[in-house]
Amino acid sequence: MRKLMTGGVATLMLALALGGSAAAQMQLNGAGATFPYPMYSKWFNLYIQVDPQVRFNYQSIGSGGGIKQITEETVDFGASDGPMTDEQLNAAPGHIMHFPTVMGAVVLTYNAEGVGKALKLTPEAIAGIFLGRITKWNDAAIASENPGVSLPPRDIVVVHRSDGSGTSYIFTDYLSKVSRDWNNKVGKGTSVSWPVGLGGKGNEGVTGLVKQTPFSIGYVELIYAQQNELPYADVKNSAGRYVSPSLESVTAAAAAVADSMPDDFRVSITNAPGADAYPISGMTWLLVYEKQKDATKGRAIVRFLDWMMRDGQQYAAALHYAQLPPQVLAKEKLALAKVTGPDGGPLAAR
């Protein structure tokens with residue numbers, strides 16, 4: 001896969017003329033989360049080989065935009081890393097279903113001269129930095145956990161998302177669990193009132209700002225830091241252990257909730273229990289109306305989701321996403337059977 005761009009709105013337009021006439025091809029329009037964009041990009045390319053008549057136009061504009069557009073019915077599916085709230089669901093003209101796709105890690109990535117790849121951060125230090133209370137790289141809250149690391153006496157430049165973002169939801173959900181001050185003063189959401197910092201649009205925008213801004217720190221999905229060769233911190237988890245973000249540590253976080261997954265799949269896996277769990281882990285969802293207005297498009301979406309659950313999961317690890325647990329996939333397939341056409345008939349293959 002090509003290297004990700006680090007600026008602007010990422011738009012995926014797969015319109016390759018492979019078999020069949022252009023008139024026979026169907027375009028499915030989607031918008032939302034940047035967190036899973038690399039995975040979706042891969043899947044949409046691969047799916048052409050499964051169904052040459054289907055093309056995807058996916059706008060990587062952030063979870064807030066995805067929720068807005070699916071609610072307004074300007075796209076065929078939305079995408080979000082933060083589950084829709086009850087209020088948002090009630091505002092939609094129909095019942096929107098959440099379908100988990102993959103899981104990933106939100107990492108603290110930084111650009112600080114002299115600080116290598118082994119930076120360790122406690123929950124208290126992370127909350128302090130983003131609350132604007134820890135302002136220097138060599139603050140005692142950071143230095144005490146990083147003996148031997150040459151921490152510069154420079155101001156920390158905080159970078160956060162400027163758009164409605166599921167990545168922000170995961171990050172602020174985590175901070176709300178580990179910091180009473182954060183929970184009381186800022187809270188969690190796809191958009192919050194940030195106490196300090198510069199705003200970047202999308203994971204791409206935050207990555208770009210961190211990369212070009214000396215002594216900065218921001219939060220992005222793991223693959224964005226890796227592909228831009230930026231370091232990221234180990235984070236102390238709820239068991240008191242420092243854990244690196246990885247497929248294994250995200251899977252360990254999901255294991256805590258896999259067996260008790262709610263029927264609507266709206267669940268948080270941040271700050272999960274377990275010695276090996278990475279604490280800023282998150283799930284991401286595709287948002288689909290239970291009753292599809294267009295049966296042909298609805299059937300194509302259902303078929304794609306079925307392929308994603310059966311075959312698509314095997315491609316997750318190569319892009320540093322964790323596969324969904326078997327228990328979740330089994331439950332998700334049952335939910336997929338509830339998607340209907342305008343006449344109420346099921347669209348999933350029997």
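A charge counts as sitting over a ring if NZ of Lys or CZ of Arg is within 6 Å of the ring centre and within 35 degrees of the ring normal. With that in hand, here are some notes on this predicted model.

1. **A lysine over a tyrosine.** The definition above applies to K120, which lies over the face of Y242. The distance from K120 to the ring centre of Y242 is 6.0 Å.

2. **Aromatic pairs.** How many aromatic pairs does a search of the whole structure find? The count is 24. One pair to look at is F44 with F56: the ring centres are 4.1 Å apart and the planes meet at 10°, and because planes under 30 degrees apart count as stacked, this pair is stacked. The two partners come from distant parts of the chain, 12 residues apart, with F44 in helix α1 (residues 37-50) and F56 in strand β3 (residues 54-60).

3. **Are F44 and F56 buried or exposed?** F44 has a relative accessible area of 1%, so F44 is buried. F56 is buried too, with a relative accessible area of 2%. The cut-off behind both calls is a relative accessible area under 20%.

4. **One aromatic cluster.** F44 and F56 also belong to an aromatic cluster. Its other members are Y37, Y40, W43, Y47, Y58, F77, F304, W307 and Y315. If you are following along in the viewer, selecting these residues together is a friendly place to start.

5. **Helix α1 against helix α11.** These two helices pack with their axes 11 Å apart, at an angle of about 105°. Angles of 65 to 115 degrees count as roughly perpendicular, so that is how α1 and α11 are described. On the α1 side the contact is made by W43, F44, L46, Y47 and V50, and on the α11 side by A300, R303, F304, W307 and M308. By residue class, the contact has nine nonpolar residues, no polar ones and one charged.

6. **Helix α11 against helix α12.** The axes of α11 (residues 295-310) and α12 (residues 326-336) come within 11 Å and cross at roughly 170°. An angle over 145 degrees counts as roughly antiparallel, which is why α11 is given that label relative to α12. Helix α11 brings V302, L305, D306, M308, M309 and R310 to the contact, while α12 brings L329, E332, K333 and L336. Here the residues divide into six nonpolar, no polar and four charged.

7. **Helix α8 and the lysine before it.** Helix α8 (residues 202-212) is mostly covered, with nine of its 11 residues buried. The buried ones are G202, N203, E204, G205, V206, T207, G208, L209 and V210. K201 is in the loop between β8 (198-200) and α8. At 47% relative accessibility, K201 counts as partly exposed. The C-alpha atoms of K201 and G62 are separated by 8.2 Å, although the two residues are 139 places apart along the chain.

8. **K188.** Where is K188 found? It is in the loop between α7 (180-185) and β8. K188 has a relative accessibility of 48%, so K188 is partly exposed. Leaving aside neighbours within four places in sequence, K188 is in contact with Y169, T172, D173 and S176. The C-alpha atoms of K188 and A349 are separated by 39 Å, and these two residues are 161 apart along the chain.

Conventions:
Residues are numbered from 1 along each chain as its sequence is written. This is a predicted model: local features need pLDDT of at least 70, side-chain atom pairs count only at pLDDT 80 or more; totals for chains, interfaces and linings use all residues. Side-chain values use heavy atoms; hydrogens and water are left out. Axes are lines fitted to C-alpha atoms, for helices over the stretch in contact, and angles run from 0 to 180 degrees between N-to-C directions. Helices (H or I, at least four residues) and strands (E, at least two) are DSSP runs, numbered from the N terminus. Angles under 35 degrees count as roughly parallel, over 145 as roughly antiparallel, 65 to 115 as roughly perpendicular and the rest as oblique. Contact means heavy atoms within 4.5 Å. Ala, Val, Leu, Ile, Met, Phe, Trp, Tyr, Cys and Pro count as nonpolar, Asp, Glu, Lys and Arg as charged, and the others, Gly among them, as polar. Rings of Phe, Tyr and Trp (its six-membered ring) pair if their centres lie within 6.5 Å; planes under 30 degrees apart count as stacked, over 60 as edge-to-face and the rest as tilted. Buried means under 20% relative accessible area, exposed over 50%, partly exposed in between (1.4 Å probe, protein chains only).
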